[in-house]
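Biologist: Could you take me on a close look at one part of this protein, the small sheet and what packs on it? After that, I would be glad to hear about a couple of loop residues and the domains too.

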Amino acid sequence: MAAKHPGVAHTLAVEPYGLRVAARHGETILSAFRRSGIPVRSECGGRGLCGKCQVVLQEGAAVTPPTGQEERLLGGELLARGYRLACQAAILGDLRVYVPPESRSVLLQVASRGLARAVRLRPLASRVRVELQPPSLRDVLADWERLKWSVEARTGRPVRLDPELLPHLPVRLRALGWRVDAVLWRGELVVDAAEPREGEGYGLAVDIGTSKIVVHLVDLRTGETVAEAKAENPQVFVGEDIIARMTYALREREGLAELKRLVVDAVNNLAAAAISSGGVSASDVLAAVLVGNTVMHHIALGIDVRGLAASPFVPAVRGTVDVPASFVGLRYGRRALFPPVVAGYVGSDAVADLVATGMHEEHEPAMLLDIGTNTEVILNTGEELLACSAPSGPVFEGGHLRFGMKAAVGAVDRVEIDGGEIRYSVIGGTRPLGLCGSAYIDFAAEALRAGLLDSRGFFRRDSGDARLRRGEAGYEYVVVPADESASGHDITVSEKDLSELRLAKAAVYAASMVLLEEAGLGPEDLRRVYIAGSFGYGLSVENAIRIGLLPPVNPSAVLQVGNTAVEGARLILVSEDTLEEAERIAASTGYVELTAAESFPRYFRRGLRFP
Ligand code: FES
């Protein structure tokens, strides 16, 4: 092979896609994949931490030697078989790589619907039909005043002009023959003079999660979702959790702008997909309501996140942010409304969870948990609301686990151990690629019941179970043998995996207990526990209680409510009363900072054990 110089392109052949892409001398394989849009898992954002970006190279491939991270994460056996980490191996010549099934990004299971209360319809955006007299030499009233007076005569309320409309107003009124629908935002801002249509139009309800984005297209006349679209949050390439996103936003040049562009582009693309599948004209989309945790909220608005990144973790703004859609970069609708957040780590998604479930109105103690890379816990004591946020990390989404993966096609999502036999189910019914978070919880609970595991998370060496063995990283249990898996490797759960699970569940347990203690309550006082979010939707409640992830309550008191964040956004979009309710909730919820809670370390230590 002829020697090539830095800056000169090499050719990267990528299997099984049959692609040939250009690569720069010295760049990593992952970097070349990203530029070419080749989907590959990279949960740690290419930092050599997650071990998910594995590729297989032919012998003697022109790449840099294995790094320490590769030796640690892959081990000698896989390295000898040609496995490398795409984020570590730098390209030194033409190359052929194979992306094994376990490294491919695959379709995610995302809860896109959830429990939602009925609300009185009073959409944030509405239409008012007016027929104006055209101006004449005897009637030289200006265009805006002509429109304003007619709208006020119809609504009985004073209205204001959206400055974004003004430049286009003369053209609109004349092109439409002075018969228009004035589009009113929150009853008083005229944001458009549109072609007359039946009905109020449509709006977008958007849940910007750290991992996933869900968009609903909502008919403002009925309040119902007519189409939806969902996708992985593309910011995931810089890392799985909000800490990684903030670090990127603060450290990289144009980092915040890049993250904002990624998320706004994704929302626009999902909105386009929903509009298309709903058979709706894009011009009939009037507005959007967007919820998310406080970091996603700030990034989508282009707000500097340094206040959130360091103690005392203060957001730039807590109240409702109501801006032109163009300010955010949304291609659809005239306005974008971001409901209020509670605090630096309890965002508007948690407020939306509450308005959708109505938990805040209950008169007996109830708790809501939205479990993800960051877990929000809200306690209704029966008299007041208390909230906190626990850094549970990416474990529930398969991160930090040897064979962990998101709840996607190919993930084992359920595990049962019965009389020495193991049974599992796989999302999509394919051969297993790995285990998602709910499978680890099932496994731990079943292994505890079967006496394979002790409360410290160690396998009982004397269990005599043939699936238990000593692996490279200590004792491990074979859940899926090589001849059943998609990759041809055994899929195992190790004590190290269980240790990661214990750390994550201890954070959630401690957060719940700190709130209960603040209120002078115990788990036995809870009459209802709501589990929100995609992860919680696929969870076995009994097993989550068995391992101590959820408080020890009667399983029948637990409601798995799905994506109540997007449902709450929808309710706010179609009901001004609900927006006012959200503002009251955010203003009155007491925030408990766990890092300052004296009892947190005690509960965390207790939570590290299996009950
Ligand atoms: S180890 Fe390569 S992306 Fe995480």
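Modeller: Happy to! A definition helps at the start: two strands are said to pair if DSSP finds at least two bridges between them. Please keep in mind that this is a predicted model.

With that in hand, look at strand β23, which covers residues 474-480 and is joined to β24 by four bridges. These two strands run antiparallel. One residue to pick out on β23 is E476, whose bridge partner in β24 is S494. Stepping back, β23 and β24 belong to an open sheet of three strands, ordered β22-β23-β24, with antiparallel pairing. The edges of the sheet are β22 (468-471) and β24 (491-494); each has a single partner strand, so one side of each is left without a neighbour in the sheet. From one strand to the next, the twist averages 45 degrees. Helix α12, residues 495-518, packs on this sheet and touches both β23 and β24. The direction of α12 makes about 60 degrees with that of β24.

Now for the loops. L220 sits in the loop between β11 (212-219) and β12 (225-232). Its relative accessibility is 2%, so L220 counts as buried, the cut-off being under 20%. What surrounds L220? Setting aside neighbours within four places in sequence, L220 is in contact with P123, A125, E200, G201, Y202, G203, L286, L573 and V574. For one of these contacts there is also a C-alpha separation: L220 and G201 are 19 residues apart along the chain, and their C-alpha atoms are separated by 5.7 Å.

G201 and Y202 also appear among the contacts of D284, together with R127 and R197, again leaving aside neighbours within four places in sequence. D284 lies in the loop between α6 (255-278) and β13 (285-292). With a relative accessible area of 10%, D284 is buried as well. Its side chain and that of R197 are joined by a polar contact of 3.0 Å.

Finally, the domains. The domain assignment of the protein lists domain 1 (9-103), domain 2 (125-194), domain 3 (204-338), domain 4 (349-394 + 502-607) and domain 5 (404-492). Between the C-alpha centres of domain 1 and domain 2 there are 59 Å.

Terms used: Residues are numbered from 1 along each chain as its sequence is written. This is a predicted model: local features need pLDDT of at least 70, side-chain atom pairs count only at pLDDT 80 or more; totals for chains, interfaces and linings use all residues. Side-chain values use heavy atoms; hydrogens and water are left out. Axes are lines fitted to C-alpha atoms, for helices over the stretch in contact, and angles run from 0 to 180 degrees between N-to-C directions. Contact means heavy atoms within 4.5 Å. Buried means under 20% relative accessible area, exposed over 50%, partly exposed in between (1.4 Å probe, protein chains only). Domain bounds come from an automatic or database domain assignment. A polar contact is a pair of N or O atoms within 3.5 Å; within protein, one must be able to donate a hydrogen and the other to accept it, and residues adjacent in sequence count only if both atoms are side-chain atoms.
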